[in-house]
Amino acid sequence: MNKHLLSAGDLTAGDIRLVLDTAGHLAKLTDRAIKKVPTLRGRTVCNLFFEDSTRTRISFELAAKRLSADVINFTAKGSSVSKGESLKDTAITLEAMGVDAIVIRHPASGAPVRLANWVKAHVVNAGDGTHEHPTQALLDLYTMRQHFPSFDGLRVAIVGDVLHSRVARSNVLALKTMGAEVTLVAPPTLLPTSVDQWGVGVSYDLDAVLPKTDVVMMLRIQLERQSAGFFPSVREYARLYGLDARRLDAMPDSSIVMHPGPMNRGVEIAAEVADSIERSVIASQVSNGIHVRMGLLYLLLGGPAVTEPGRLPEEVPA
Amino acid sequence: MKPILLKGGRLVDPASGHDAVADVLVRDGIVAEAGAGLDATGAEVVDCDRLVVSPGFADLHVHLREPGREDAETIETGSMAAALGGYTAVCPMPNTDPPADNAGVVEMVAARGREIGLVELFPVGAVTVARAGEQLAELGAMARSAAAVDTFSDDGNPIREARLLRRALEYARAFDAVIADHCEDHSLTEGAQMHEGELSGLLGLRGWPAAAEDMVVARDLMLAELTGGRLHLCHLSTAGAVELVRAAKARGVRVTAEAAPHHFTLTDAALASYDPVFKVNPPLRGKADVEAVRQGLADGTIDAIATDHAPHTREDKEVELAAAPPGMLGLQTALGLAITELVEPGWLTLPQAIERLTAGPARCRRLPGHGGPVTAGAPANLTVFDPAATWTVRGAELASRSRNTPFEGRELHGRVVHTILRGRPTVRDGQLVEAGS
């Protein structure tokens with residue numbers, strides 16, 4: 001493992017397996033009345049959020065707390081873009097306070113890369129602009145692995161606003177590393193230029209892709225993309241790229257439906273699909289997120305590989 | 001002042017086509033004589049063996065930040081960087097605060113330059129009031145001012161309205177002035193952080209497509225053709241733009257063009273670091289564009305190397321990429337990059353590279369006394385450099401008040417040894433000579 005987690009592209013297949021395995025062991029360990037283990041006692045994790053994301057922040061906070069780390073939340077919406085304290089000064093301040101890991105969410109692509117230049121602490125990218133969200137990809141892979149024996153040849157369709165999606169970028173990188181077959185489905189306006197060089201399939205036709213899909217991942221569509229001319233209307237978008245019950249029926253019976261949340265019900269995903277007990281794994285993505293982030297923090301902050309459940313060292317030496 | 005005899009250097013003077021070992025005698029601010037085996041009793045002899053003597057370099061496009069952002073650069077520090085870079089003439093752009101859209105500001109800039117005396121300043125005036133693209137600035141007042149402005153540009157703001165650019169090109173003919181445009185269609189570049197290509201998609205950064213430059217270049221060329229006005233195109237960065245200019249020149253359009261060293265040296269790959277030191281407008285492009293710019297410089301489609309020297313403070317650049325202003329330093333690295341990146345790989349001969357730094361810029365606008373030829377009676381604006389000297393770029397050692405060089409740590413060949421402005425050394429043995437000393 002690298003010192004930081006800035007991009008899913010920095011992870012080898014071995015790294016990804018290690019995080020997922022560790023997450024699995026930790027899940028079992030905390031699957032009991034007292035959910036805490038003392039592993040990261042005395043370590044401090046800072047959630048540095050320059051953008052509202054209660055869900056991601058809470059997930060990281062719970063993950064750190066279940067490992068007994070101290071958690072501080074630093075919410076600075078606006079940041080230097082709106083002439084507040086600069087990211088560098090914030091970094092220096094946190095460094096001076098002796099934090100061991102910084103989990104950063106930032107509206108500017110690349111902000112975690114910049115931050116990592118300025119601090120000694122481990123930096124975890126919790127979503128940067130329209131770049132990446134690597135822990136989301138890890139939790140997505142973890143969820144897929146609960147349903148499919150192998151990533152090799154697993155057919156994953158990622159549907160929606162790929163152009164602006166950090167979730168899509170991180171998933172593409174991690175899934176490619178693991179040998180999955182990824183297809184991006186979107187109107188051409190919502191695909192990055194040169195997407196043909198990403199080494200993935202590309203389609204503008206959701207109906208053509210779904211029958212050959214094991215995992216469909218629906219991306220959140222920002223409604224303001226309509227006014228920017230990316231598509232003519234939300235109604236048309238939903239009609240062409242929304243996942244409804246009819247489309248779900250066209251998929252293999254073993255297939256699963258994912259969504260990173262928060263959902264626009266009735267736009268990219270119909271309520272009956274989101275709530276489908278047999279096929280939707282959206283709720284387990286959320287719980288898996290905590291375990292995967294526990295696994296990641298544990299490994300980044302120096303934990304040895306966990307080989308058996310219940311055999312964690314009491315504390316990771318600082 | 002004692003006469004100076006530059007002895008035994010290779011005199012490369014593109015304006016006259018001279019390229020051979022020759023001595024140059026400088027007396028009373030002018031070239032007294034140039035030729036082989038000069039002997040001047042009483043002159044200070046400067047040994048130029050193995051060195052190249054050329055006309056002083058001229059830079060069509062610099063930002064000296066004064067007035068308004070003296071924390072990033074001043075006319076003084078910018079002049080120091082220019083002299084050390086071998087320049088005797090530079091053209092400060094009008095995006096100051098207040099903007100150079102009136103005679104007062106251009107006169108102040110030119111006068112301050114004279115007072116410092118390290119490099120001659122030829123200010124560029126704004127085309128429109130406050131560079132807002134709405135109403136023509138008083139071009140005549142600036143042209144007739146003491147600064148004698150003959151080039152107008154709204155700098156980072158392209159002239160959006162075709163009608164207005166047409167009027168500017170027409171009106172400027174009254175003063176035989178040049179309209180210099182920054183070619184960018186803003187509706188395609190809003191929020192852009194880098195060149196649009198494979199990498200921008202991967203990095204999650206909004207891209208600036210080459211088409212946003214090419215289409216404005218095409219429009220500008222058509223308007224130059226329509227009006228017969230003199231058009232200059234700033235910092236060409238795309239293969240498409242180079243090709244458009246090449247074709248326009250072939251059919252006789254009155255157009256000149258410049259390219260910046262970073263655009264013939266660096267590619268968008270540098271942005272993978274998200275380091276704002278590589279953020280510039282127009283952005284660093286792809287490899288094919290870099291090669292097209294080199295080819296354009298080689299065949300003369302691009303007349304001049306212009307640095308677009310753009311100092312920014314550390315606090316402005318040590319931020320997230322999206323929050324950083326575009327621009328990079330250039331004055332002290334231009335010669336080294338031209339030799340290392342253009343001459344040594346064989347794209348240009350040394351005399352061609354010198355042409356793009358001297359006679360080329362002097363072709364784009366009036367720069368009286370600069371660009372050569374180095375003949376008896378001409379003002380003694382000269383640069384002496386060692387084309388083989390190796391040095392490493394260190395931002396902290398540059399004279400600019402800012403440190404934002406994208407070439408930190410890069411080894412370059414070619415270093416300025418002496419710069420002479422109107423007969424007076426501004427740089428001796430690579431060191432600044434303070435005015436009055």
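## A residue in helix H3

A:Asp89 sits in helix H3 of chain A. The model shown here is predicted. A:Asp89 is partly exposed, because 14 other C-beta atoms lie within 10 Å, and a residue needs 20 or more to count as buried but 12 or fewer to count as exposed.

Now look along the chain. A:Trp118 is 29 residues apart from A:Asp89 in sequence. In space, the C-alpha atoms of A:Asp89 and A:Trp118 are separated by 9.5 Å.

## Chain A as a whole

Step back to the full chain. Chain A holds 11 helices and nine strands. Its radius of gyration is 19 Å, and the globule rule gives 20 Å for 318 residues, so chain A is as compact as a globular protein of that length. The C-alpha trace of chain A spans about 55 × 50 × 35 Å along its principal axes.

Burial and contacts add to the picture. In chain A, 52% of the 318 residues count as buried. Take the contacts in chain A with a separation of 6 or more: 75% of them join residues 24 or more positions apart.

## The nonpolar core

In soluble globular proteins, nonpolar side chains tend to be buried together. Here, the largest nonpolar core has 244 residues. Which residues touch the most other members of this core? They are A:Ile102, A:Val159, A:Val216, A:Leu297, B:Val24 and B:Phe152. Helix H11 of chain A, residues 282–300, gives the most to this core, with nine residues.

A:Val216 is worth a closer look. Leaving out residues up to four places away in sequence, A:Val216 touches A:Ala157, A:Val159, A:Leu210 and A:Leu243, and also A:Met251, A:Ser255, A:Val257 and A:Met258.

## Where chain A meets chain B

Contacts link the two chains. On one side are 23 residues of chain A; on the other are 17 residues of chain B. Three helices of chain A give two or more residues each to the side that touches chain B: H3 (87–96), H4 (111–118) and H6 (166–177). The largest share of this side comes from H4(A), with three residues.

What is this side of chain A made of? Its residues divide into seven nonpolar, 11 polar and five charged.

## Two domains in chain B

The domain assignment splits chain B in two. Domain 1 takes residues 4–53 + 378–432, and domain 2 takes residues 56–364. Their centres, taken over C-alpha atoms, are separated by 25 Å. The contact between them takes 30 residues from domain 1 of chain B and 43 residues from domain 2 of chain B.

Consider the side of domain 1 that touches domain 2. Strands S16 (382–392), S17 (411–421) and S18 (424–428) of chain B each give two or more residues to this side. S17(B) gives the most, with seven residues. The residues of this side divide into 16 nonpolar, 10 polar and four charged.

## A small set of strands in chain B

Three strands of chain B form an open sheet in the order S6-S7-S8, with parallel pairing. Which strands lie at the edges? The edge strands are S6 (57–62) and S8 (120–121) of chain B, and each pairs on one side only.

Strand S7 of chain B covers residues 87–92. S7 and S8(B) pair in the parallel sense over two bridges. Opposite B:Glu120 in S8(B) stands B:Ala89.

Methods: Residues are numbered from 1 along each chain as its sequence is written. Chains are lettered from A and ligands numbered from 1 in the order in which they are written. This is a predicted model: local features need pLDDT of at least 70, side-chain atom pairs count only at pLDDT 80 or more; totals for chains, interfaces and linings use all residues. Helices (H or I, at least four residues) and strands (E, at least two) are DSSP runs, numbered from the N terminus. The radius of gyration is taken over C-alpha atoms; the globule rule is 2.2 Å times the number of residues to the power 0.38. Two residues are in contact if their C-beta atoms, placed from the backbone, lie within 7 Å. A nonpolar core is a set of buried Ala, Val, Leu, Ile, Met, Phe, Trp, Tyr and Cys residues joined through C-beta atoms within 7 Å. Domain bounds come from an automatic or database domain assignment. Ala, Val, Leu, Ile, Met, Phe, Trp, Tyr, Cys and Pro count as nonpolar, Asp, Glu, Lys and Arg as charged, and the others, Gly among them, as polar. Two strands pair if DSSP finds at least two bridges between them.
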